[in-house]
2 protein chains.
Amino acid sequence: MTADRGSMVPSTRQCAGTGLLDGPGGGPARPVVALGERARAVLRPLPAGGVRLGPAGFWASRVAVNAETSLAAGYEQLHASGVLENLRLAAGTAQGPYHGKLPFLDTDVFKWLEAVSWHLQTSASAADALAGQADEVIALVAAAQDPDGYLNSYVTVVRDGERWADLPSGHELYCAGHLIQAGVAHRRATGLGTLFDVARRFADLLVDEFGEGGRRVGYCGHPEVETALVELYRETGERAYLDLAARFVDLRGSGLLGDRPFGRRYFQDLLPVRDTRALHGHAVRALYLSAGVADLYLETGESGLVELLREQWDDLLRGKMYVTGGTGSRHRDEALGDAFELPSDRAYTETCAAIAVMQWAWRMQLATGDVTYADVFERVLYNGFLAGTALDGEHFFYVNPLQVRPESTLGPQGRQRWFSCACCPPNVMRTMASLTHYFATYDAEGLQIHQYAPSSIRAELPARVGVDIQTGYPFDGLVRVEIPQECAGEWTVSLRIPDWARSEARVRLDGAPIEVAGQDYVRVRRDWSGGEVIELELPLHPRLTVADPRVDDVRGCVAIERGPLVYCAEQVDQDSDLDRLTLRGTASDGDPVEIGGLGIPTVAVAASRAESEAAPAWPYRRLGDGTPDADGASATVTAIPYFAWANRDYGAMRVWLPHGEAH
Amino acid sequence: MTADRGSMVPSTRQCAGTGLLDGPGGGPARPVVALGERARAVLRPLPAGGVRLGPAGFWASRVAVNAETSLAAGYEQLHASGVLENLRLAAGTAQGPYHGKLPFLDTDVFKWLEAVSWHLQTSASAADALAGQADEVIALVAAAQDPDGYLNSYVTVVRDGERWADLPSGHELYCAGHLIQAGVAHRRATGLGTLFDVARRFADLLVDEFGEGGRRVGYCGHPEVETALVELYRETGERAYLDLAARFVDLRGSGLLGDRPFGRRYFQDLLPVRDTRALHGHAVRALYLSAGVADLYLETGESGLVELLREQWDDLLRGKMYVTGGTGSRHRDEALGDAFELPSDRAYTETCAAIAVMQWAWRMQLATGDVTYADVFERVLYNGFLAGTALDGEHFFYVNPLQVRPESTLGPQGRQRWFSCACCPPNVMRTMASLTHYFATYDAEGLQIHQYAPSSIRAELPARVGVDIQTGYPFDGLVRVEIPQECAGEWTVSLRIPDWARSEARVRLDGAPIEVAGQDYVRVRRDWSGGEVIELELPLHPRLTVADPRVDDVRGCVAIERGPLVYCAEQVDQDSDLDRLTLRGTASDGDPVEIGGLGIPTVAVAASRAESEAAPAWPYRRLGDGTPDADGASATVTAIPYFAWANRDYGAMRVWLPHGEAH
């Protein structure tokens, strides 16, 4: 593999982070419309700096906690867990036993580096401590690389350098993928090649090993490298990386991974990708793969591919997604369940699976422009994803149940600082650090705003377009969108009306109502003078939601939603035992509570409390036999947003609550 | 360890199987009232041959299938799976790789030998092929034993003889326990010491290693050896075995097993046994341990122990047992769930856990005489246990869900001939072969009949007592109990009235009604002349059962029960898609069906069928929004006994069915 790959790395750091050019810079997934003849991005991501959060606001605060607390905590954990020392062992600059038992611990380092990179891309001060820490860690990564480009501390140290010996479970290509993503992020953020060159050398080795005519035929048990290779193609223009990603996708499903205990479905090896009409098996693997296939489509425009992905997506939504946007209902093999297999208490709903849905949704949104992907992105963002991190930014959930029973023995009891399998925390960090990249897109007509936060958004069509947004979203439903003077001219601003608001939203342009009934995006085209204000009024009253009868676990229950937020009832907010309460009425706004420094709106619902406290000796009785507990004393259930649970006492919690009128 | 252990083995085979002496012979758990000063068996098991099934009848047919098909199939699988070859490898009489990856595969052999032993105890012809096969297998076992008594082919072959290196996961004492149980069964059945002496030599080594003052302090990650050692004490009178069982129980909970991935609860090592008021963790381990503790109580009468076990039992029944009697709701760690965590689709409910409940229930029944243990034994026997085996006797379930969703991807799809972890099939075989031991007990006053089958039951008090039973149970509710001439004299016959029949059962003695309202056992004491007939009439009409509201998974649903049988609806019997049906009415007897050669009563319930077939694009909607599917066309749901499911097409199945009146 000796194709010409002249460095496209900018010679100085200064061009990075300027934000408004479609050259270096940009976010985690940036289709290269100019390069691929058949490329199919309907919408395009903004370049770096295209969305600037603030002043203040919900997401500015979350992103700041990530930058100020999570990334520093992550750095400490990289040291404490030994994963940096593992790199020294691989480099031969330290001696001792390998730390940890999993073969993919290097990715903790790579994902943290990616997170710091995105942070540096938008940070006010690129000279903060994290920049220095990143350089230090990058030096360790570079030193651990073999002369031919190979890099994997576990294989080097634990497996005596025996490479590619366990494609089903060894995660070597998965690790390579995270290194590549970190390298691309670091270059996009800083313009430097220190990490990027390391990653690219490994990628070149992968092309030699696994590319067509290479020494090996195979693919990884854990998809991830596909998205990474496509992104490296986007960053370099080197077709070989795209071809290798395509090859991994083409080969998959041929059964090369064998039939390990969880079966071929576990790692998406039962059927060829193009015959896979519904996702099964390990949730994160399945979703990362579909994100990778979407990336392929975005670059190749392959006929039929986007229809296939739509079919997979529709199947996912039809019966394999929780109301929180979480996916993956099985603990045993971390797998997507069968349709409607959505238990609340045993929901697995890994934080990484939420991130994977967001990655896939984003690529589908670029490919199709359809609102469903932004709608679901929002649902996951505010619920399944956000609940994975404590409001303090340094405690995390791996598993995100929708119900915790009283006196549950399910561990761990509450969020943890780190995990022996710590895939989630640094995955959260990189997602949070790059989050603004997902908030808006542009096309030849103008700008599309998908997620609402106080922010300044700019793009060049090449004429400059943009908006300044003020809003108290997601707690308040008024979104004020102003056209700045610098963006005068004729173009279209498109504002997403979330699915839950579509029948009730109101929009005004400089006070005059605009008809939007049933629209998914309100599209306003004007020859803007600047200073115009569009007000989007989203109805944030609490809603009670019931599930399809096939979702057995929540039959007879309701979930409470308010705007994009799914609510839950925690024991700490109730006067009675949570498992004795049955909702009876409608929901209304309650008094706000302060949790983790945030003032948070609650929702109150009238309820009745079962009289007797004790469970019967045998929990089954004849239909019609006396149920004295059915109607008890009046009570009120107080609910808080699901993302804010487990920030106080850790106790019983329910997203789905029994309701007398839900059948 | 050199205590005098002179052989108590009878010199000939002829005294075995005669049945009516409390000497050699007897079943799987036989408290030694005469030996332990403080022994506490309220009821005593009958000796071998005390219950003789037939002519014909439900259980005679099941036991015959076990003897004629299952045991032969098991012998074939012992060969095919390589576990017999493993013994040759350990003996040094064969070369090659070890077969299988699990460290407890020897127990497949031991459990099969135990099963054949119980079969030979009651078999009409002790000279059948199985006797010869057992002798052949016993020779392989004996040859694999080390000179000092140690026996474990996995350790010898795979671990290069490194013993006791992995008490948490190595299963060495678990394997020893099954060898001991097989040895005791073989001696009780045949009077021979060929297997018994092998087992006892290993047990003596265990006493040397793990007994007080021995070389090691520890206990097994998988309880089992406790029941086995107590039984060996019962068989030999040697106190050292009882002491060792007690020592394992005393030490447990001290954390010696460490904190493996599933945590200390997994193998009941979080708390000392005497502080364990509720069972948690791996279901089979927890239940085997409690059976062992019950055995200890039966021999020592230790103050407080039976109250502890009652508390554990009550907790199990209150929220950790399925309506089928199955236990263990978690796939991931094969664990009991939290209270009320009882999902139907993801029920694990391992067949071995059903067996473990039966073992524990039996010992509790002996210890207390309380009817709850016989009631639950019956529930497990006819449902959770019996469903684990196909009616053909050669296909098995490891996992026994209460619901299979349409197009489920959960494998395996239907019962299997054997498993890579084949604990269940030979466990079924040994239980079925010894089943009659659990049907009746005696005490100084007379005879107690706990389970009903056509049978002749005899015991000596020392005066001979007994009954002859005719019944079509469990399909028919009339149980005819005749006192034979040879059992004339004054004594009490006690007939269990099952919990579900307690308010409606009728009893007649020679046609004259006996008042039984609310009684758990109808106790009839007479100076019998012989020829008297007691008729027990149990109400077998179908019942609809609802669950406590805390059992979230089945809210709004009913289960159908008929006598001791829990029913289920299989797709193959329905005219409509099972997931579109909602029950609306009461249940009545339907037309019988033939399944697996049995004529089986069905139950029919009126239902409505949802009109639209397609699931919505998103399975959540606002409460009160139109639900056009709620009331559809009239339909009928046909249900069959749960034990008979998956004997025809393997498809959707539900034990719990939505019902319009169940809230």
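**Entry 1: a strand pair in chain B**

I began with a single pairing: Ala459(B) has Val465(B) in β9(B) as its bridge partner. This is a predicted model, so I kept that in mind for every entry here. Next I looked up the strands around that pair. Strand β8 of chain B covers residues 455–460, strand β9 of chain B covers residues 464–471, and six bridges join the two. They run antiparallel. I then checked the link from β8(B) to β9(B) and found a hairpin, with three residues between the strands.

**Entry 2: on to the next strand**

I followed β9(B) to its other partner in my notes, strand β10 of chain B, residues 478–482. Here I found four bridges, and again the strands run antiparallel. Which residue of β10(B) stands opposite Asp468(B)? I looked, and Glu482(B) is the one. β9(B) and β10(B) form a hairpin too, with six residues between them.

**Entry 3: two helices in chain A**

I turned to helix α1 (residues 58–80) and helix α14 (residues 424–433), both of chain A. They pack with their axes 9 Å apart, at an angle of about 140 degrees. I noted them as oblique to each other, because 140 degrees falls outside the range over 145 that counts as roughly antiparallel. The crossing of α1(A) past α14(A) is left-handed. I listed who meets whom: from α1(A) come Trp59(A), Arg62(A), Val63(A), Asn66(A), Ser70(A), Leu71(A) and Gly74(A), and from α14(A) come Met429(A), Met432(A) and Ala433(A). Sorted by class, that contact holds six nonpolar, three polar and one charged residues.

**Entry 4: two helices in chain B**

Are helix α8 (residues 225–236) and helix α10 (residues 283–300) of chain B roughly parallel or roughly antiparallel? I found that their axes cross at roughly 30 degrees and come within 8 Å. That angle makes α8(B) roughly parallel to α10(B). α8(B) passes α10(B) in a left-handed crossing. On the α8(B) side I wrote down Glu226(B), Thr227(B), Val230(B), Tyr233(B) and Arg234(B). Among the α10(B) residues in the contact are Tyr288(B), Leu289(B), Asp295(B) and Glu299(B). The class count for this contact is seven nonpolar, two polar and four charged residues.

**Entry 5: the two copies**

Last, I looked at how chain A and chain B are related. Chain A superposes on chain B by a rotation of 180 degrees, with 0.0 Å of shift along the axis and an RMSD of 0.0 Å. The copies are thus related as by a two-fold rotation axis. I also checked the interface: 100% of the interface residues of chain A are interface residues in chain B as well, so the copies meet through the same surface.

Note on methods. Residues numbered from 1 in each chain as written. Chains lettered and ligands numbered in written order. Predicted model: local features only at pLDDT ≥ 70, side-chain atom pairs only at ≥ 80, totals over all residues. Heavy atoms only, no water. Pairing = 2+ DSSP bridges. Least-squares fit on C-alpha atoms with pLDDT ≥ 70 in both. Contact = heavy atoms within 4.5 Å. Axes fitted to C-alpha atoms, helices over the stretch in contact; angles between N-to-C directions. Left-handed = near helix turned anticlockwise from the far one by under 90°. Nonpolar A, V, L, I, M, F, W, Y, C, P; charged D, E, K, R; others polar. Parallel < 35°, antiparallel > 145°, perpendicular 65-115°, else oblique.
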